[in-house]
Amino acid sequence: VFERIDIDCSGALTIQEFKEHLEDPSMRAYFATLELDTTDVWTLFKLLDTDAGNSIELDEFISGCLRLKGSAKGIDMVKLCYEHRWMSKRLTNFITRTDTAFHLLH
């Protein structure tokens, strides 16, 4: 499946490759057998892209599909964890910038 999606044979899937192949009914059926919801392509891509490199390597694809496989509750939990990590990073950056600006005022 990974090789079929990886059109340019780069060893990594881009969001464009991923999106185009998820428009294919047979590919949607494959993900449906894993009980993975493909209606939100962007979120599914980000959840599979565990290193946030804007591409999905083979190991990320396999481990991500296995991790997300199953009920909607499982994918919802992974999505929640992803969003929590993202928000925590943003909050940490904001606090650091605010602290730096505050010290510059003194």
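**Reading the labels on this model**

Colleague: Why is Asp-24 called partly exposed?

Modeller: In this predicted model, Asp-24 has a relative accessible area of 23%. Buried requires under 20% and exposed requires over 50%, so a value of 23% falls in between and Asp-24 is called partly exposed.

Colleague: What makes the pair of Asp-24 and Arg-4 a salt bridge?

Modeller: The closest N and O atoms of Asp-24 and Arg-4 are 2.5 Å apart, and the rule asks for a side-chain nitrogen of Lys or Arg within 4 Å of a carboxyl oxygen of Asp or Glu, so the pair qualifies. It links distant parts of the chain, with Asp-24 in the loop between H2 and H3 and Arg-4 in helix H1, 20 residues apart. Arg-4, with a relative accessible area of 44%, is partly exposed.

Colleague: Where does a side-chain oxygen of Asp-24 reach at the start of helix H3?

Modeller: A side-chain oxygen of Asp-24 comes to within 3.0 Å of the backbone nitrogen of Ser-26, at the start of helix H3, residues 25–33.

Colleague: How many salt bridges are there by this rule?

Modeller: The count comes to 2 salt bridges. Besides the pair of Asp-24 and Arg-4, there is a salt bridge between Asp-49 and Lys-46, whose closest N and O atoms are 3.9 Å apart; the cut-off is 4 Å, so this pair also counts.

Colleague: How do you know that Lys-46 is buried?

Modeller: Lys-46, which sits in helix H4, has a relative accessibility of 11%, and because buried means under 20%, the label follows. Asp-49 is buried as well. Leaving aside residues up to four places away in sequence, Lys-46 touches Asn-54 and Tyr-82.

Colleague: Why does Asn-54, by contrast, count as exposed?

Modeller: The relative accessibility of Asn-54 is 51%, and exposed means over 50%, so Asn-54 passes that cut-off. Asn-54 lies in the loop between H4 and E2, and its phi is near 65°, a positive value in a residue other than glycine.

Colleague: What makes a positive phi worth pointing out in Ala-52?

Modeller: Most residues other than glycine have a negative phi. Ala-52 is not a glycine, yet its phi is about 55°. Ala-52 belongs to the loop between helix H4 (41–48) and strand E2 (56–57), and at 53% relative accessible area, against a cut-off of over 50%, it is therefore exposed. Glu-35, just after H3, likewise takes a positive phi, of about 60°.

Colleague: What makes Leu-58 a member of a nonpolar patch on the surface?

Modeller: Leu-58, in helix H5 (residues 58–68), has a relative accessible area of 41% and is partly exposed; a patch takes residues with over 30%, so Leu-58 meets that requirement. Leu-58 forms the patch with Ile-62 and Leu-66, and together they have about 290 Å² of accessible area.

Colleague: Which residues touch the most other members in the largest nonpolar core?

Modeller: Of the 20 residues in that core, Phe-18, Phe-31, Leu-48, Phe-61 and Leu-68 do. The elements giving two or more residues to this core are helix H1 (2–5), helix H2 (15–22), H3, H4, H5 and helix H6 (72–105), and H4 gives the most, with 5 residues. In soluble globular proteins, nonpolar side chains tend to be buried together. Phe-31 touches Phe-18, Leu-22, Leu-36, Thr-38, Phe-61 and Cys-65, not counting residues up to four places away in sequence.

How values were computed:
Residues numbered from 1 in each chain as written. Predicted model: local features only at pLDDT ≥ 70, side-chain atom pairs only at ≥ 80, totals over all residues. Heavy atoms only, no water. Helix = DSSP H or I, 4+ residues; strand = E, 2+ residues; numbered from the N terminus. Buried < 20%, exposed > 50% of the residue type's maximum accessible area, 1.4 Å probe, protein only. Polar contact = N/O pair within 3.5 Å; in protein donor to acceptor, adjacent residues only side chain to side chain. Contact = heavy atoms within 4.5 Å. Patch = residues over 30% accessible without salt bridge, like charges linked within 9 Å, V, L, I, M, F, W, Y side chains within 5 Å. Areas by Shrake-Rupley, 256 points an atom, 1.4 Å probe, with all protein chains shown as cover. Core = buried A, V, L, I, M, F, W, Y, C linked by side-chain atoms within 4.5 Å.
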